[in-house]
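Dear colleague,

I am passing on the structure below, together with some notes on what came out of going through it. Please read the notes with the model open beside them.

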Amino acid sequence: MRITIAGSGIAGLAAAVSLHAAGFRDVTVFEAEPGLRPHGLGLNILPNAVRELDELGLLDAVRQRAIRTRELAMYNPHGTLVWREDRGLAAGYRWPQLSVSRARLVTALAEETRRRLGDGAVVTDARLVGLDRTPGRTRAVFTSRDGATRTVGTDLLIGADGIRSAVRAALYPGEGPPPTNGMTMYRGTVWGRPFLTGESMAVLGDDRRRLVLYPIDRDETTHRILINWVAAFPDERSEARSATDAAEKREVILRQLGDWAPPGVDLAALIEETPDIQRYPMIDRDPLPRWTFGSVTLLGDAAHAMYPAGSNGATQAVIDARVLAWHLARHCDTGTALRAYEEERRPQMTELQRSNRSLGPERVLTMAHRRAPGGFGDVRDVFSEEELAEISRGYAVTGKFDQDWVNTRPSLSAGGAR
């Protein structure tokens with residue numbers, strides 16, 4: 001069985017490794033960029049996906065330069081604690097929650113892909129520009145930057161090429177660009193002093209704005225941590241929309257959030273010391289009624305891109321990859337396997353996409369602001385503890401990363417060469 005994957009991000013490479021582990025050997029990943037240059041800032045991998053990396057033999061490689069996230073703490077803009085919960089091992093999971101550089105995770109997956117499938121398993125400078133779908137067979141057309149064209153016949157094409165997926169566009173040509181919610185994210189990483197436990201994710205917010213900070217690396221010599229931060233708010237000012245250099249971006253951020261900070265953090269200093277600040281619109285994709293067409297299917301952000309709340313982007317891409325490989329190994333017929341994969345994953349991801357449009361578990365900050373816009377002395381005057389716990393628990397169940405499920409469900413490992 002020949003399997004072709006479009007996209008060499010987390011989703012595509014996790015799929016390649018998962019397919020090899022499930023017994024498939026003819027797997028090739030095509031990447032549009034001329035070289036495999038991992039980029040991106042920080043991300044979180046929840047315990048359900050860390051379990052999958054462990055079962056693939058990748059946990060040691062990933063956690064060497066990662067932080068085991070110990071807690072999530074959410075604050076209102078006044079710095080008053082709204083909700084705190086243990087995470088990962090501290091919460092009783094058998095696997096940690098990891099905060100890590102996206103580049104390091106992609107590098108570990110790429111190295112494992114090439115180790116298992118050979119150096120030729122990742123083909124760069126190959127942009128998908130066309131699909132010809134016939135029953136039981138798909139022909140994918142790729143072009144390089146010098147105009148050379150390559151047509152690949154394949155038994156299965158997996159679109160793992162991100163939020164602006166060319167595969168998805170071929171299946172849904174009238175969809176258009178990803179929609180935005182009017183929010184803009186400013187992101188960066190900077191070395192600083194540990195805050196809270198030194199392994200904490202802090203989220204601050206009101207009903208419109210968010211600030212997220214968490215460490216993704218540690219320097220044992222200097223005892224400093226590499227802090228990944230994200231500031232998100234509506235870009236209402238014309239000068240904010242035109243801000244291009246770092247100084248202008250700093251001014252915009254501090255105008256919006258200058259007096260915000262969790263305990264132990266000087267936000268102004270943190271922003272000032274960040275060498276490179278990136279700016280993105282907050283976008284997602286509308287849920288799809290169908291991911292699979294014949295021998296073509298979607299995976300990761302190409303299937304279900306969602307707003308960055310609840311640490312589910314990379315997490316769910318890894319789970320997709322494992323579930324798809326498991327069904328392909330379990331079913332002799334590819335069509336049956338793809339239908340089973342979609343039946344398991346699409347309804348769950350549709351619900352999660354919709355939840356993330358209300359910012360997932362972070363909606364407690366919106367609720368806190370609306371109930372007590374001037375702040376509060378005791379959170380129990382605003383929420384019952386049961387209400388807060390149920391919001392967190394309900395989101396975990398929606399994303400299938402609640403403790404009972406992660407610790408006890410059957411393994412997705414599948415063998416048997418095909």
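The notes below take up a sheet, one of its strands, a pocket and a helix.

This is a predicted model, in which local features need pLDDT of at least 70 and side-chain atom pairs count only at pLDDT 80 or more, while totals for chains, interfaces and linings use all residues. Residues are numbered from 1 along each chain as its sequence is written, and side-chain values use heavy atoms, with hydrogens and water left out.

Seven strands form an open sheet of mixed pairing, in the order S6-S5-S14-S15-S16-S13-S17; strands here are DSSP runs of E with at least two residues, helices are runs of H or I with at least four, and both are numbered from the N terminus, while two strands pair if DSSP finds at least two bridges between them. At the edges, pairing on one side only, are strand S6 (81-86) and strand S17 (278-283). On average, and with direction ignored, neighbouring strands of this sheet are turned by 20° against each other (axes are lines fitted to C-alpha atoms, for helices over the stretch in contact, and angles run from 0 to 180 degrees between N-to-C directions).

Strand S5 (residues 71-75) pairs with S6 in the antiparallel sense over five bridges, with Tyr 75 opposite Leu 81 in S6. The hairpin of S5 and S6 has five residues between the strands, and in it Gly 79 takes a positive phi near 85°. S5 is also joined by five bridges to strand S14 (residues 200-205), with the two running parallel, and Glu 71 has Ser 200 as its bridge partner in S14. Both faces of S5 are covered, since Glu 71, Ala 73 and Tyr 75 on one side and Leu 72 and Met 74 on the other are all buried (under 20% relative accessible area, against over 50% for exposed and in between for partly exposed, with a 1.4 Å probe and protein chains only).

The second largest pocket is lined by 20 residues, of which Glu 85, Tyr 93, Ser 392, Ala 396 and Gln 403 lie nearest its centre; a pocket is an open set of points on a 1 Å grid over the protein atoms alone, where a 1.4 Å probe fits, with protein on both sides within 12 Å along at least five of seven lines, and lining residues have an atom within 4 Å of a point. S5, S6, helix H13 (385-398) and helix H14 (403-408) each give two or more residues to this lining, and H13 gives the most, with four.

Finally, 15 of the 18 residues of H10 are buried.

Kind regards
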